[in-house]
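Trainee: Could you take me slowly through one part of this model, the strands that pair into sheets and what packs against them, and then go on to the surroundings of the ligand?

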Amino acid sequence: MRVMMTGGTGFAGSHTVRRYLEAGHSVRLLVRDREKVRRVFDPQGMAIPERDVIVGDITDAGSVERAMEGCDAVFHGAALVEMKRKLAQKVLDTNRRGVELVVGGAVKRGLPSIVYVSSASVFFEPGCPPLHLDMPIAKGTTAYAQSKSQAEHAIRALQEEGAPIRVSYPTGIVGPDDPGLSDANQAVYTFFKQTGVTTSSGFQIVDVRDLAELHLRLLELEDGAARYMAAGPMLSWAETYRVLDEVTGKWLFRFPMPGFAFRALGHVGDWIKHVWDFSFPLTRDAMEYATRWPGASGERTTRELGVHFRSAHETYADTVRWLYEAGHLRARHVGRLAGK
Ligand SMILES: NC(=O)c1ccc[n+]([C@@H]2O[C@H](COP(=O)([O-])OP(=O)(O)OC[C@H]3O[C@@H](n4cnc5c(N)ncnc54)[C@H](OP(=O)(O)O)[C@@H]3O)[C@@H](O)[C@H]2O)c1
């Protein structure tokens, strides 16, 4: 298939581009920065021809149309992931318009396969049971969470009209080769660079390579709409640190903090953002996820699509090694993973 892709220069998107090409599909990338395509793919020995790169924006109808010309499938992985208060309206507008133009545009063209990246957090409410796909869609408190929930409503409405939209719901996406440091990889980096904390609940990850595999299976589904969790290992915070100790051979400093104290910090973070508008995700939403995440199961994804979620040991070892090789962490942080 020839797949028009958004978010191809991002973390989940770039791994999905690679997987689609490996599987023999061709891609056309809608990107904001042509140079970034070279920076992301050239070092991996994957030169994307100039003709397959359209410079534009998911909020610009003209560039979305141009990118879709001649394609027979769409992957929509782009979203503005930003926690600054002053960008709240931009986040809401970008992510809503993106779904409208990219997914809505693909539906209007009658394309037979449309893959959209949602988030497991669209089901999360504080105190909720383990997440599953039939739960009501939550509202979210940050603009980003709200934008993903609003997008989810729009996608469901299109699916109900019969549109062949296949949705993945990732938990925290972790893994190597991240063009930036997206949210969950940023968290792993923070465990090493700042003080670690163990608290209630835990951290559920999905390896970016397993997510890319799911996106391939979704692209290639015979027909119809579909929804699948992209949920790998759910470990308590203590277990997460233990795995990091085991893969590095070092003991990572951490101290316990009750969940309520963490959540109070999230409220303080939301409040401080009125005065000092920082990007770091110290928000009520993020602290709720960190301390009350009930877990989600990827079992149906494995059973029906044959996507296996790798172990936390493998994901963390590869991620931390990459954080070192890419210059984010030093040898003293990563212990035995340096030079391996
Ligand atoms: N990271 C996670 O843990 C996580 C968890 C659940 C769901 N998700 C979802 O997964 C998807 C991918 O996330 P990610 O972590 O891979 O994010 P990412 O690395 O920040 O990538 C986001 C991509 O979207 C592109 N983009 C943003 N605004 C755009 C615009 N106006 N026009 C065109 N492209 C635009 C970015 O382009 P540039 O390269 O030019 O910046 C980038 O390629 C998102 O939909 C996100 O909501 C992520």
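Mentor: Let us begin with a term that we shall need for the helices: contact means heavy atoms within 4.5 Å. Please also keep in mind throughout that the model is predicted.

In the first sheet, which is open, seven strands follow one another in the order β3-β2-β1-β4-β5-β6-β10, and their pairing is parallel. The edges are taken by β3, residues 53-55, and β10, residues 226-230, and because each of these has a single partner strand, one side of each is left without a neighbour in the sheet. From one strand to the next, the twist averages 15 degrees. As background, the strands of a sheet pair through backbone hydrogen bonds, and they may do so either parallel or antiparallel.

At the β3 edge we can look at one pairing in detail: strand β2, which covers residues 26-31, runs parallel to β3 and is joined to it by three bridges. Val31 has Val55 of β3 standing opposite. In the loop between β3 and α3 (61-68) we then find Gly56, whose C-alpha atom is separated by 5.3 Å from that of Arg32, although the two residues are 24 residues apart along the chain. If we set aside residues up to four places away in sequence, Gly56 touches Leu30, Val31, Arg32 and Ser63.

Turning to the helices, α5, made of residues 143-160, lies across β5 (114-117), β6 (165-170) and β10, and it runs at about 150 degrees to β6. Helix α7, residues 208-219, also packs on this sheet, where it touches β1 (2-6), β4 (73-76), β5, β6 and β10, and its direction makes about 165 degrees with that of β6.

The second sheet is open as well, with three strands in the order β7-β9-β11 and mixed pairing. Here β7 and β11 (234-236) stand at the edges with a single partner strand each, so one side of each is left without a neighbour in the sheet. Its neighbouring strands are turned against each other by 45 degrees on average, direction ignored. Between β9, residues 202-207, and β11 the run is antiparallel, with three bridges joining them, and Phe203 has Leu235 in β11 as its bridge partner. Helix α6, residues 183-193, lies across β7 and β9 at about 70 degrees to β7, while α7, which we met on the first sheet, lies across β7 and β9 and runs at about 55 degrees to β9.

We come now to the ligand, which has 24 residues around it, and of these Thr9, Ala12, Lys36, Tyr144 and Lys148 come nearest. By class, this shell has ten nonpolar, ten polar and four charged residues, and α1 (11-22), α5 and β7 (172-174) each supply at least two of its residues. The helix α5 that lies across β5, β6 and β10 is thus also one of the elements that contribute to the shell. As for individual polar pairs, a polar side-chain atom of Thr9 lies 2.6 Å from an oxygen atom of the ligand, and a polar side-chain atom of Arg32 lies 2.8 Å from an oxygen atom of the ligand. For Ile58, a backbone N or O atom lies 3.0 Å from a nitrogen atom of the ligand. On its own the ligand has 900 Å² of accessible area, and the protein covers 87% of this.

Key. Residues are numbered from 1 along each chain as its sequence is written. This is a predicted model: local features need pLDDT of at least 70, side-chain atom pairs count only at pLDDT 80 or more; totals for chains, interfaces and linings use all residues. Side-chain values use heavy atoms; hydrogens and water are left out. Two strands pair if DSSP finds at least two bridges between them. Helices (H or I, at least four residues) and strands (E, at least two) are DSSP runs, numbered from the N terminus. Axes are lines fitted to C-alpha atoms, for helices over the stretch in contact, and angles run from 0 to 180 degrees between N-to-C directions. A residue is near a molecule or strand if one of its heavy atoms lies within 4 Å of it. A polar contact is a pair of N or O atoms within 3.5 Å; within protein, one must be able to donate a hydrogen and the other to accept it, and residues adjacent in sequence count only if both atoms are side-chain atoms. Accessible areas come from the Shrake-Rupley method with a 1.4 Å probe; for residues, only the protein chains shown count as cover. Ala, Val, Leu, Ile, Met, Phe, Trp, Tyr, Cys and Pro count as nonpolar, Asp, Glu, Lys and Arg as charged, and the others, Gly among them, as polar.
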